[in-house]
Amino acid sequence: MFGEKALELIREFNRNKDGNLGPYNEDGVRQVLEEMQVLYEANQNDVAQLVQDTSDQTSLTAVQIRHDSLQRNKRCLLAYLYNRLAKIRSLRWEFGSVLPPDIKNNMSEKEVQWFTRYNRSLANYMRSLGPGGLDLTQDLQPPQNVYIEVRCVEDRGELELNDGSKVLLKKNSLHYLPRSQCEHLIRQGVLKHIT
Amino acid sequence: MLLTDPVKDFFHKIVHQRVLVMVALDVDALCACKILQSLFRCDNIQYTLVPVSKKSDLVREYEEHKEQNKHIILLNCGANIDLLNTLDPSEDVTFYVIDSHRPIDLVNFYCERQVYLILKHNQQEIDAIPDYDVIYREYDSDEEESEGDDDTEQVSKRRRFDEASLMRKKERREWEERRKEIIFDYEEFSYYGTCASLIVYDLAWRMSKDNNELLWWAIAGVTDQFQNKRIGRDRYVTGVLELQGHMSRLNHANEDEDNSKSIDCMRINFEHDLDLALYRHWSLFESLCHSISTVSAFKVWTNIGMKKLHQFLAEMGIPLTQCKQNYEFMDTKMRDNLQTLVEESALKFGLKNLKFQSFSAQYGFNHKICASDAVYSVNALLENIKLTDTNGMTDKSNFVDALEGLSRISAPKMKEGLELAKLQLQAIRNNVGTFIDVGQVLSYGPFLYTSIKEGSPDYKYFSHPTHLNLFSHYLLQSYVRSLGKSKREKAIHLPLVICAPCDIEEGISIIAGIPPLADDSRKNLFGNAFIHAAERTKSRTSHDYFDSSIITMKNEDRSKFIDALITIMT
């Protein structure tokens, strides 16, 4: 049936909606496009015939159905791409400007391009805010405390804080640090937040 | 220098500063650290916590962190070593020492700045420290100089001063001898003072920042000292009474029914509890087989002893099926009456001190834990042999685990620790039995001696100082009980030296000495004796633990070291 493959793409995306970004299904997209190409060509032929011979209306329904299938395929493809982009955008807010390699491998070339462009415009925007810029990606929820307790998971050498003081990050030492300074380290897995 | 007002001189000084907290690896220090952490959280003081298990650790961690931190707090370490000499700190570094190890190093006590001691103002403890004048004399250095000058001056001139200088020299010699004697007397015994967690709790109380949670940690600290026999019963009771005062003060508001707290809040109860290890989390039978007082009283390693234990249970009227059951599943009626039952039959069997004042904490309906069980659990987490690699070095994750176990009484780590503690107690019990059966405890005249062989199945447990210490107390008490009456009288006044393999590949063993059973002050004379014996025989020892009565040494030097120890102590 027409549109089956496009639906499969949507299903696939929906399946790991809550998980990480799934791999870009290049094969699936290509197959849908091919299907659309076939449908389009068949429609072209029939329509040409209809225009020539207005008395024979038999193929009109077929054209109608093919047209709807085309529309539906298009919609599904767009939904697939758009939702992936939305996901990538939210990843940018979660992980910062550098994505972990396993996520990056799941993105198509065009998506990577879009990601870098998005990064750039976001950075430009953040720089334009106030004097010296403002990092919007931090503190998405209002923090309960300015400082948090963290445990160091690996040896990382010295960390210099904003106020100029330094902290030595050694494996299995515990620290009480400003949240803003160590949030990215927690994301990278160097520190662990103790609750 | 002694701080008179810890709130003003200590806490207010470190607000808005970065501090480094160095924590020794024992339960008391961890509790103190927990209390400090919550105080720091109130005032947004940034801190770094570093565990240190030995003196060499202390030096290494200090070297690594000295660039970043100028305020250093030492918990249960450092008071009995000369900090200025060992760490050689630059002028802007300040140490705050909260330590229960005694005697306090005199340089730490009398130096004017950099090292600050925070103590409980206990007159007895302060009196024990020799006066400044006795130890240091102002003119000391002057004389040295003038003596140097004397040599260059003319001979005739010198003769005139002879009389006076001779007098002075004589006086000085006498003074020096007296000084040596006083210092020797002062340093002869090592013992434990007020526990660190109680001191820190006191600080919190002075700032009105204490609550039930902090109190629980202070309780655990005091219980730890008692449980590992670092303090006698008298001192424990004093500590407990003080804590009880705090407890009733904190909880009096919700005694009436109108504003009672929700069950989900932590609640601390004071109670007279049975001194049985982990019995709430084990079966009654097992717990009787593994607690120090019952093990030694029944001699459970013998057949007769086992019979006696069964008699004891029969006397109480608890069926075997019930007491071999997990405590939680015992009959409610039995459980409620257990304390009176045990107490009544204990009298008949001559069991003394089976009850002691203690605290328990409850959280919700099912998490009830008593202080001594919590201490067993955290101790087990600290000396978890699964985390120890072959060199006897741990990657410090035991420290993090133990802190996690302490953080909440309902923490899953606490449960894990209880299981580990059971394993350790089983190891202790098995070894106590075999040691006495085989007659491995030998009397060497001034002290008893025993050693754990490398091949023995549980030797790994005993390479950790706290656990070795606990084992030796079990062993000593059981050994003394196993002797005949005349021998017992003698053995009760003998200390015990125990030796266990520490690092088999390097051929290093760990040696610990504990004071005799009859001595309730828990003063330990082995610290100095070990040093002297090592000096005499030039043994390759390392006095690296904060507790001076525990040392490590090369296996080859052991026999001559012990020989020297015998001569010193006779």
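In the predicted model, six strands of chain B form an open sheet with mixed pairing, arranged in the order β11-β12-β13-β14-β16-β15. The edges of this sheet are occupied by β11 (442–443) and β15 (541–542) of chain B, each of which pairs on one side only. At the β15 edge, β15(B) is joined to strand β16 (residues 550–554) of chain B by two bridges in the antiparallel sense, and within this pairing B:Thr541 has B:Met553 of β16(B) as its bridge partner. Helix α24 (residues 558–569) of chain B packs on the sheet, where it touches β12 (448–451), β13 (496–503), β14 (508–514), β15 and β16 of chain B; the direction of helix α24 makes about 135° with that of β16(B).

Elsewhere in chain B, strand β4 (residues 94–98) is largely enclosed by the rest of the structure, because five of its five residues are buried. The side chains of this strand are divided between two directions, with B:Thr94, B:Tyr96 and B:Ile98 pointing one way and B:Phe95 and B:Val97 the other way, and all of them are buried. Strand β3 (residues 71–75) of chain B runs parallel to β4(B) and is joined to it by five bridges, with B:Leu75 standing opposite B:Ile98. Strand β6 (residues 115–117) of chain B also runs parallel to β4(B), to which three bridges connect it, and here B:Val97 stands opposite B:Leu117.

Chain A is divided by the domain assignment into domain 1 (4–128) and domain 2 (147–193), whose C-alpha centres lie 42 Å apart. An unreviewed UniProt entry places the feature "domain: GINS subunit" at residues 60–129 of chain A. In the model, this span is 86% helix and 0% strand, and its end C-alpha atoms are separated by 58 Å.

With a disulfide requiring cysteine sulfur atoms within 2.5 Å, the count over all chains comes to zero. For A:Cys152, the closest cysteine sulfur is that of A:Cys182, and the separation of 11 Å is too far for a bond. A:Cys182 is likewise in no disulfide, the nearest cysteine sulfur being that of A:Cys152. Both residues nevertheless lie in the interior by the accessibility criterion: A:Cys152 is buried, since its relative accessible area is 0%, and A:Cys182 also counts as buried, because its relative accessibility is 0%.

Conventions: Residues numbered from 1 in each chain as written. Chains lettered and ligands numbered in written order. Predicted model: local features only at pLDDT ≥ 70, side-chain atom pairs only at ≥ 80, totals over all residues. Heavy atoms only, no water. UniProt positions renumbered as here; feature names shortened; annotations may be inferred. Helix = DSSP H or I, 4+ residues; strand = E, 2+ residues; numbered from the N terminus. Buried < 20%, exposed > 50% of the residue type's maximum accessible area, 1.4 Å probe, protein only. Pairing = 2+ DSSP bridges. Contact = heavy atoms within 4.5 Å. Axes fitted to C-alpha atoms, helices over the stretch in contact; angles between N-to-C directions. Domains from an automatic or database assignment.
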